[in-house]
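Colleague: I have a model open on my screen and would like to learn how to read it. Could you walk me through it, one feature at a time?

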Amino acid sequence: MDEKAVAFILQSPIIATYVARIAGKRPQAITTVELFGADGIVPLARDLFLRCAMEAATLASMELEALLRHARAELLRLAAAPGRTDGDDDIVAFACALARQCFINEYVYEETAAESELAGGLRNRLERDLASGAEIAPLALAVVAAYVPLQAIAAAETVLRRDWPAAVTGLLRVQLREPLAEADERAAIATLTPIKNSVSVEVMRQYEENPYPRWTINPLNAFASDLARGRIVPTAEQQAERDILIAGCGTGSHAIQTAQIHPNARLLAVDISMASLAYARRKTRELGLRNIEYAQADILELGSIGRTFDSIESVGVLHHLAEPTSGWRVLASLLRPGGTMRIGLYSDLARQLIVEARAWIAARGYRATAEDIRRCRQDIIREAKQWKELFGASDFYSMSGCRDLLFNVMEHRFTIPGIAAFLKDNDLSFLAFDPPVTTGR
Ligand SMILES: C[S@@+](CC[C@H](N)C(=O)[O-])C[C@H]1O[C@@H](n2cnc3c(N)ncnc32)[C@H](O)[C@@H]1O
C-alpha cells in the first residue's frame, strides 16, 4: 500500500490516539487495557477504511504493525475466553480483515510465547470442532486465521460447506478457495526448459516458498480505467501486435501491467517458480486478460525454446542468477533486430544499507526461515536507530518481501560502468533510464 494511503489511515483520530499511546509508553510495552481503554477494541473495529486497507494490501508502516499486533492479541483473548459468543459484527469483520492482512504479509508479525500458546489452543479447538461437526464461532475461526493460514488446519476445506457471515466468506475465499484454484492452475502451466543450474535450483526453492511480490489488486487499475474512459490515447507502439517476453515474471504483476498497456501484444511470461506462476495465472484469469502465456523456464536455458521477441523485459531478476551477464546474453540472443529490452538491476550504490544489513544478519546466524525472519525483524526494530531507513522499504513488511530484500540466496549488484561495458561487448545501445535519473540538484 502506498505511503499516501498509510498516511491517510494514520490520520484517523482514533488510530492516531492509539499510535500516540503506544509511542508514549516506549521503551516499556503498553498493556491492552492501557491501549484500548474501557471501550476495548470496538472503536478500532469500526474503522471501515482500515478494514478495507487490511484486505487490499500489505500495510507498510511500523506504527500500524505495532497497533495491529496489539489488536490481534486482544482479539485472541476475546475469542479464547470461555463461553464467548461473537456479539459485535464489527469485531468479527475486523478480525476477518486482520486475518486477511496477516495472510497477505505471510504472518510476518512477531507473537509472544503466551500468544502462541493461546493461539495453539484455539487452533486445536477449531480442529476438534471441524472433526466433530460442532458449531464454530466466526470470531474463533477468524482469529485462528490471523495466526496461521487456514490451509494449514486439518480438514479446513469442510468449513466451505458451512454458512458464514459475508466477512468470513471473504476470508475463506482468500485463504482457502484461491489457493485451491492456484493448485489447479499449476497443472496447466507448461515447463519449457529444465532447471539444472545449482543456483537456479536454490533460488527456485526460495520463490516456491515465498512467491514475490505479494500483491492483490490490479496493479494498473488507474491506467486501465483512464484508457477505458478515453482519457489516455494509446500510442502506436502500445497498439502494435508484437511478441514480448517477460523473463522472471514472479507473481505476475509486471506481466499483467505490460499486457494491459499492450492489449494487442502476445506475451510469454516465464519464471522458475511454479508457485509464483500459479498465482500469476489465477490473477490474470480473474482480470480477464487473454494475451499472456505463462511457462516455467530458467532464463539460462531459454536459448533452446526456438522463439524470438520484439521486446524483452526482465526486472529484478538477473541479479539473482549465478552469473547475471550469462542470463542477459541469453536474453539478448532472443531479441529480434531493432528490438528493445527493459532490464531492472540492483544498484551497487543504492544497496549499501542492504549490504550492511545482510552482513549483520549473517554474523548473527539468522536463517531464511519464517521463524528466524520474524526474530530478525524484531531485532532490527529494536535497533531502530541503526536500521531506520529499512522501515521505509515496503518489502520489510511481508515475509516474502523481507526474504527478497534481506535474505536472498543470491544477490549481485551493478555499477553504471559495468552495465556500459556489457552493452558495448554485446552490441546493445543504451536507450534510457526508467524512471529517468535526476541529478538531485
Ligand atoms: C524479485 S522477483 C521479481 C519478479 C518480477 N519480475 C517483478 O518485478 O515483480 C525475482 C523473480 O525472478 C525469478 N528468477 C530468478 N532466477 C531465475 C531464472 N534463472 N530464470 C527464471 N526466473 C528466475 C524468481 O523465481 C522470482 O520470481
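**Reading the sheet, the domains and the salt bridges**

Modeller: Happy to, and keep in mind that this is a predicted model. Let's begin with a pair of strands: β5 (residues 309–315) and β6 (residues 335–344) run parallel and are joined by 6 bridges.

Colleague: How do strands of a sheet pair in general?

Modeller: Strands pair through backbone hydrogen bonds, and the pairing is either parallel or antiparallel. In this pair, Glu-313 stands opposite Arg-342 in β6. Helix α16 (residues 324–333) belongs with the two strands: β5, α16 and β6 make a right-handed β-α-β unit.

Colleague: What is the strand order of the open sheet?

Modeller: The sheet has 6 strands in the order β1-β4-β3-β2-β5-β6, and the pairing is parallel. Its edge strands are β1 (190–191) and β6, each of which pairs on one side only. At the β1 edge, 2 bridges link β1 in the parallel sense to strand β4 (residues 292–296). There, Ala-190 has Ala-295 in β4 as its bridge partner.

Colleague: Now a helix, please. Which residues of α14 are buried?

Modeller: A general idea helps here: an α-helix has 3.6 residues a turn, so residues three or four places apart point the same way. As for α14 (residues 253–261), the helix is mostly covered, with 7 of its 9 residues buried. Those buried residues are Ser-253, His-254, Ala-255, Ile-256, Thr-258, Ala-259 and Gln-260.

Colleague: Let me step back to the whole chain. Which domains does the assignment give?

Modeller: The domain assignment gives domain 1 (3–183), domain 2 (190–345 + 413–425) and domain 3 (352–406). Take domains 2 and 3 as an example: their C-alpha centres lie 27 Å apart.

Colleague: How much area do domain 2 and domain 3 bury between them?

Modeller: The size of an interface is often given as the accessible area lost when the parts come together. For domain 2 and domain 3 that comes to about 760 Å², with 45% of it on carbon and sulfur atoms. On the domain 2 side, Gln-206, Asn-210 and Tyr-212 supply 61% of the area buried against domain 3, more than any other three residues. Counted by contacts, 9 residues of domain 2 meet 7 residues of domain 3. The interface also has 1 salt bridge. Arg-403 and Glu-209 pair through their side chains in a salt bridge (2.9 Å, N to O).

Colleague: How many salt bridges does the structure hold?

Modeller: There are 33. One to look at joins the side chains of Arg-336 and Asp-243 (3.0 Å, N to O). Arg-336 is in strand β6 and Asp-243 in strand β2 (residues 243–247), so this pair ties together parts 93 residues apart in sequence.

Colleague: Is Asp-243 buried or exposed?

Modeller: Asp-243 counts as buried because its relative accessibility is 15%, while Arg-336, at 28%, counts as partly exposed. You can read another pair in the same manner: the side chains of Arg-342 and Glu-313 form a salt bridge (3.1 Å, N to O). Since Arg-342 lies in β6 and Glu-313 in β5, the pair ties together parts that are 29 residues apart in sequence. Here Arg-342 is partly exposed at 38%, and Glu-313 is buried at 8% relative accessibility.

Colleague: Which residues do salt bridges that share partners join into one network?

Modeller: Arg-173, Glu-178, Glu-182, Arg-282 and Glu-286. Within that network, the side chains of Arg-173 and Glu-178 meet at 2.9 Å, N to O.

Conventions. Residues numbered from 1 in each chain as written. Predicted model: local features only at pLDDT ≥ 70, side-chain atom pairs only at ≥ 80, totals over all residues. Heavy atoms only, no water. Pairing = 2+ DSSP bridges. Helix = DSSP H or I, 4+ residues; strand = E, 2+ residues; numbered from the N terminus. Right-handed = clockwise from strand over helix to strand, strands pointing away. Buried < 20%, exposed > 50% of the residue type's maximum accessible area, 1.4 Å probe, protein only. Domains from an automatic or database assignment. Contact = heavy atoms within 4.5 Å. Buried area = accessible area lost by both parts, 1.4 Å probe. Salt bridge = Lys/Arg side-chain N within 4 Å of Asp/Glu carboxyl O.
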